[in-house]
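Subject: A structure to look through

Hello,

Here is the structure I promised to pass on to you, together with some notes on what turned up in it. Please open it beside this message and follow along residue by residue.

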Amino acid sequence: MALISLRASDEVAAAFSVLAATQGGKSALLRRLIADALAAPAPRILPLPVGRPEKVTVRFRESEMRQLAEVSHQRGMTRTGWIVALVRSRLGSPVQHSPNERDELRAIVRELNRIGGNINQIARAANTSVLQGRAVEPDLSAIRQAKLVIERELVQLRSALRGNADYWDGRP
């Protein structure tokens, strides 16, 4: 039988344990939730757009053009880019990102990769020290602080991605 593991905040884990106690235990509840998810109808997978882009002409009133200019500027997009992103989001395409958002997401990914590289170097140095018979005395407070920083940044990243998806889905 395969093992599936995951990480959850202490609060979520505690709440899940309380719920699971009424459902036959954590493993039983997880097995049921997974089975339910697999039995659910598969999400609609849209085909990738194909073909040459075609032009569509749309007419707006002057006041609407001002609104379009304002909302597109707020997203760091052109009016046309914003309209195309809106239509694509309603057609079920993946979440649309403005050029600024794409740049920011790339920067976050680069920073997370750097952090991961640093953690690997630290682990490698600690393992080498242990193999050479030297005692390793980690600074646990620094490790805890780094963990908190990473968790806080991940919360902000998730919030930003959720906010973007909500924006294009028309949710407040």
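Val 95 counts as partly exposed, because its relative accessibility is 40%, and you will find this residue in the loop that runs between helix H4 (79–90) and helix H5 (99–131). Please keep in mind as you read that this is a predicted model. Setting aside residues up to four places away in sequence, Val 95 touches Asn 164, Ala 165 and Trp 168. If you compare Val 95 with Ala 146, the two are 51 residues apart in sequence, and their C-alpha atoms are 30 Å apart in space.

Confidence comes next, since the model is a prediction. The mean pLDDT of the chain is 82, and 93% of its residues reach 70 or more. Within the chain, confidence is lowest in helix H6 (residues 140–169), where the mean is 79, and highest in H3, where the mean is 94.

Helix H4 holds two residues that are worth a look. Ser 89 has its place in helix H4, and it counts as buried because its relative accessibility is 11%, which falls under the 20% cut-off. Apart from residues up to four places away in sequence, Ser 89 touches Gln 96 and Trp 168. Trp 82 also lies in helix H4, and with a relative accessibility of 13% it counts as buried. Leaving aside neighbours within four places in sequence, Trp 82 is in contact with Leu 68, Val 71, Ser 72, Arg 75, Met 77, Tyr 167 and Trp 168. For one of these partners, Leu 68, the C-alpha atom is separated from that of Trp 82 by 8.2 Å, although the two residues are 14 apart along the chain. Trp 168 is therefore a residue to select on your screen, because it lies within the 4.5 Å contact limit of Val 95, of Ser 89 and of Trp 82.

Which residues of H6 are buried? They are Leu 157, Asn 164, Ala 165, Asp 166 and Trp 168, and what covers them includes H4 and H5. Helix H6 has 30 residues and reaches 43 Å from its first C-alpha to its last, which is close to the 44 Å expected at 1.5 Å a residue. After H6 comes Gly 170, whose phi is positive, near 80 degrees.

Helix H5 can be checked in the same manner. Its 33 residues should span 48 Å at 1.5 Å a residue, and the C-alpha atoms at its ends are 48 Å apart, so the expected and the computed span agree. Just after H5, Gly 133 takes a positive phi of about 80 degrees.

The charged side chains are the next topic. Side chains of opposite charge can pair when their charged atoms come close. In this model the count comes to 5 salt bridges, and three of them are described here, beginning with the one in helix H5. Asp 103 forms a salt bridge with Arg 106, with the closest N and O atoms 3.4 Å apart, and both residues lie in helix H5, 3 residues apart, about one turn of the helix. Asp 103 is partly exposed, with a relative accessible area of 46%, and Arg 106 is likewise partly exposed, at 47%.

In helix H3 (residues 62–74), Arg 66 and Glu 62 are 4 residues apart, about one turn of the helix, and their side chains meet in a salt bridge at 3.0 Å, N to O. Both Arg 66 and Glu 62 are exposed.

The side chains of Asp 36 and Arg 32 also meet in a salt bridge, at 4.0 Å, N to O. These two are separated by about one helical turn, because they are 4 residues apart in helix H2. Asp 36 is partly exposed, with a relative accessible area of 45%, and Arg 32 is partly exposed too, at 38%.

Finally, please look at the surface around Leu 38, which has its place in helix H2 (residues 26–39) and counts as exposed because its relative accessibility is 72%. Leu 38 belongs to a nonpolar patch on the surface, formed with Ile 4, Leu 6, Leu 30, Leu 33 and Ile 34, and together these residues have about 610 Å² of accessible area.

Best wishes

Technical notes: Residues numbered from 1 in each chain as written. Heavy atoms only, no water. Patch = residues over 30% accessible without salt bridge, like charges linked within 9 Å, V, L, I, M, F, W, Y side chains within 5 Å. Areas by Shrake-Rupley, 256 points an atom, 1.4 Å probe, with all protein chains shown as cover. Buried < 20%, exposed > 50% of the residue type's maximum accessible area, 1.4 Å probe, protein only. Expected span 1.5 Å × (residues − 1). pLDDT = per-residue confidence, 0-100.
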